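Visitor: I'm new to this one. Could you take me through a single part of it, up close and without rushing?

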Amino acid sequence: MVKWTKKAAPAERSEREPELSAYQRAMRNRLLAAPVVPAPEPWRSVAFVPVGGLLGIGFASHPDSGHDLVMVVSHDGHGLFDAVTGEKLARDRDPDPEDSTPDAAADLSCPGLGPITGSRVRIAGLFGGGLHTTTADGWALEVVTPAWPNDRVLLSSDGGLPHAGPHGERWWHIFHSYYSELRAFGFSPSGRTVAVATSSDISLWTRGTDSGRSSGAEA
């Protein structure tokens, strides 16, 4: 039996947060000053798709074309998009309640639909999980929040923060989530697609070879 003879002193609470260092202030100011710009070549914007009540997204591969596919899970059901063309391939407005959201599965997955029916797709977003943040050939994605709570997504080819070079040369601010909550961001496993999802929409970029483009339609 353990006998406590002395009461531990309560943890002291700091009256104020430590101030940012000069280096931290300079970094924050650089991030705040960087405007949203188009992703550099070879990346191109594919689609901006409004999705009300978006919960999360996941990647799959088309069994025939090999294109990256993006599965979107929302309060209104499931959708599947071709990440090279932006085309909506399938829509399920009334999925089985047991599989309607990824938190019902230990691996945060939902059943595939359309051309990937019979498989399961891991979903990153509100309930957890994550997507690739780097590619084999040196691209990287990261989220910074110099003006909380608005997240900014940076695409880079210089190894990530602190981004010593000028904005627009080897790092680019490609998305600013100032209007909705960021749900997920990342590369597809192939490294050919970038997806950024908020609670209200999804944005896609590709460096695939097909030239077809689409502005998207509500999921």
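Guide: Let's look at strand β14 and the pieces around it, and then step out to a few other spots.

A word on the ground rules. This is a predicted model, where local features need pLDDT of at least 70, side-chain atom pairs count only at pLDDT 80 or more, and totals for chains, interfaces and linings use all residues. Residues are numbered from 1 along each chain as its sequence is written, and side-chain values use heavy atoms, with hydrogens and water left out.

As for confidence, pLDDT is the predictor's own score for each residue, from 0 to 100. The chain averages 91, and 89% of the residues score at least 70. One stretch to treat with care is residues 210–219, where pLDDT stays under 50. Where pLDDT is low, the predicted coordinates should not be read in detail.

Now for the strand. Helices (H or I, at least four residues) and strands (E, at least two) are DSSP runs, numbered from the N terminus. β14 covers residues 201–206, and 6 of its 6 residues are buried. Buried means under 20% relative accessible area, exposed means over 50%, and partly exposed is in between (1.4 Å probe, protein chains only). In a regular strand the side chains alternate between the two faces of the sheet. Both faces of β14 are covered: one side has Asp201, Ser203 and Trp205, the other has Ile202, Leu204 and Thr206, and all of these are buried.

What does β14 pair with? Strand β1 (residues 44–50) is one partner, antiparallel over 6 bridges, and there Val49 stands opposite Ile202. Two strands count as paired if DSSP finds at least two bridges between them. Strand β13 (residues 193–198) also runs antiparallel to β14, joined by 5 bridges, with Val194 as the bridge partner of Trp205. A hairpin of 2 residues links β13 to β14.

Around that hairpin you'll meet Ser180, which sits in the loop between β11 (171–177) and β12 (182–187). Leaving aside neighbours within four places in sequence, Ser180 is in contact (heavy atoms within 4.5 Å) with Thr198, Ser199 and Ser200. The side chain of Ser180 also makes a polar contact with the side chain of Ser200, at 2.6 Å. A polar contact is a pair of N or O atoms within 3.5 Å; within protein, one must be able to donate a hydrogen and the other to accept it, and residues adjacent in sequence count only if both atoms are side-chain atoms. Ser180 counts as buried because its relative accessibility is 16%.

Glu181 lies in that loop between β11 and β12 too, but is partly exposed at 47%. Leaving out neighbours within four places, Glu181 touches Thr198 and Ser199. The C-alpha atoms of Glu181 and Ser199 are 5.4 Å apart, although 18 residues separate them along the chain.

Glu181 also brings us to charge. Side chains of opposite charge can pair when their charged atoms come close. A salt bridge here is a side-chain nitrogen of Lys or Arg within 4 Å of a carboxyl oxygen of Asp or Glu, and the whole structure has 3 of them. Glu181 and Arg183 form one, at 3.2 Å from N to O; Arg183 is buried, with a relative accessible area of 17%.

Another salt bridge starts just past our strand: Asp137 and Arg207 meet at 2.7 Å, N to O. Asp137 lies in the loop between β8 (124–125) and β9 (140–147) and Arg207 in the segment after β14, so the pair ties together parts that are 70 residues apart in sequence. Asp137 is partly exposed, at 49%.

Stepping further out, Asp99 forms a salt bridge with Arg120, with the closest N and O atoms 3.0 Å apart. Asp99 sits in the loop between β5 (88–92) and β6 (109–111) and Arg120 in strand β7 (residues 120–122), so this pair connects parts 21 residues apart in sequence. Asp99 is partly exposed at 21%, and Arg120 is partly exposed at 43%.

One last stop is an open sheet of 5 strands, in the order β5-β4-β3-β2-β8, with antiparallel pairing. Its edge strands are β5 and β8, each pairing on one side only. Within that order, β3 (residues 68–74) and β4 (residues 77–82) pair over 6 bridges, and Ser74 stands opposite Gly77.
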